[in-house]
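Student: Before we discuss this protein, could you show me the model and take me through the reasoning behind the terms used for it?
Tutor: Here it is, and we can begin with the surface.

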Amino acid sequence: MSALSLIGEYSSDTEEEVFSPKKVNLDRLPVPESILSWKGVKHHEEIDDDPSLHDGRIRTFKHERGNWATLVYILYKPSTALHSWMENVKSEQFFEDGKLFDEFHISLTRTVAIKFHWITSFVEGLKEMCKNLNSFTVELKDIKVYCNDDRTRTFLGIACENRALNNVTENLNKLFNEYQLPCFYEEASHHVSFLWTLGDQVESLKKLVPTLSASLKTFLFDNFEDGFIDVHELHCKIGNKLYTFKLRSESVV
């Protein structure tokens, strides 16, 4: 199950252009790839809003026509060794009902709903913001337990540490304020969620944290390079479209 598929789904409003056959120019030049890609690429198909069809998950907030679920995040692909460690956690008695994500990420914002007519300026704002941010490296630390706002799902995550993460989130908060959107949590705890279960299971899973954190630290000691994530780009998911924004490769003196 993809971590990003847990984001509340919204039907995508589309604007269709109708052309008269007489006005169609078959010899016109193709649109440059750079422009096409900037409109975002299709990320997934919309899913039926029936919990029984997607592991009991419930829509986080009510669907309203014209609203697009939006999240800014860092896409992460764990090494084969770390992925095996995650699978071992799932297969052991620690997390019998847990489900492992198919994709992993570090959230930099809350999942919010933006209006269709905001998308162009919002994306442009993200583009300009990323032009002024340098690439950075995140360190994986220990295990923490998280629960979503409506207490319908609980997650095991690997906490991340780097001042640059807070800087990115602060910049995103400023952008969100321009659209009167909810900012990130006051006590930001950036992390990579890797297992989830239904309901509020925080108290029971907290008891497992010391053992799992010790296991993770042992793994990272033996696999040092797996403890770091090099971040060169940010991603933004808006409805079923995915946008990618490159960060600066080095500091500008």
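Tutor: Accessible areas here come from the Shrake-Rupley method with a 1.4 Å probe. In this predicted model, the accessible surface of the protein chain comes to about 14800 Å², and carbon and sulfur atoms account for 50% of that area.

Student: What share of the residues of the protein chain counts as buried?
Tutor: Buried means under 20% relative accessible area, and 42% of the 253 residues count as buried.

Student: What makes the span of H3 close to the expected one?
Tutor: The expected span is 1.5 Å times one less than the number of residues; for the 13 residues of helix H3, residues 119-131, that gives 18 Å, and the helix reaches 19 Å from its first C-alpha to its last.

Student: How do you know that the buried residues of H3 line one face of the helix?
Tutor: The buried residues in H3 are Ile119, Phe122, Val123, Leu126, Met129 and Cys130. Seen down the axis of H3, they fall within an arc of 120 degrees, and therefore they line one face.

Student: Which residues have the most contacts inside the largest nonpolar core?
Tutor: Trp85, Phe122 and Phe194 do, in a core of 62 residues, to which strand E6, residues 136-147, contributes the largest share with 7 residues.

Student: Which residues is Phe122 in contact with, leaving aside its neighbours within four places in sequence?
Tutor: Contact means heavy atoms within 4.5 Å, and among the residues that Phe122 meets in this way are Thr70, Ile114, Leu175, Tyr179 and Ile238.

Note on methods
Residues are numbered from 1 along each chain as its sequence is written. This is a predicted model: local features need pLDDT of at least 70, side-chain atom pairs count only at pLDDT 80 or more; totals for chains, interfaces and linings use all residues. Side-chain values use heavy atoms; hydrogens and water are left out. Buried means under 20% relative accessible area, exposed over 50%, partly exposed in between (1.4 Å probe, protein chains only). Helices (H or I, at least four residues) and strands (E, at least two) are DSSP runs, numbered from the N terminus. The arc is that of the directions from the helix axis to the C-beta atoms. A nonpolar core is a set of buried Ala, Val, Leu, Ile, Met, Phe, Trp, Tyr and Cys residues joined through side-chain atoms within 4.5 Å.
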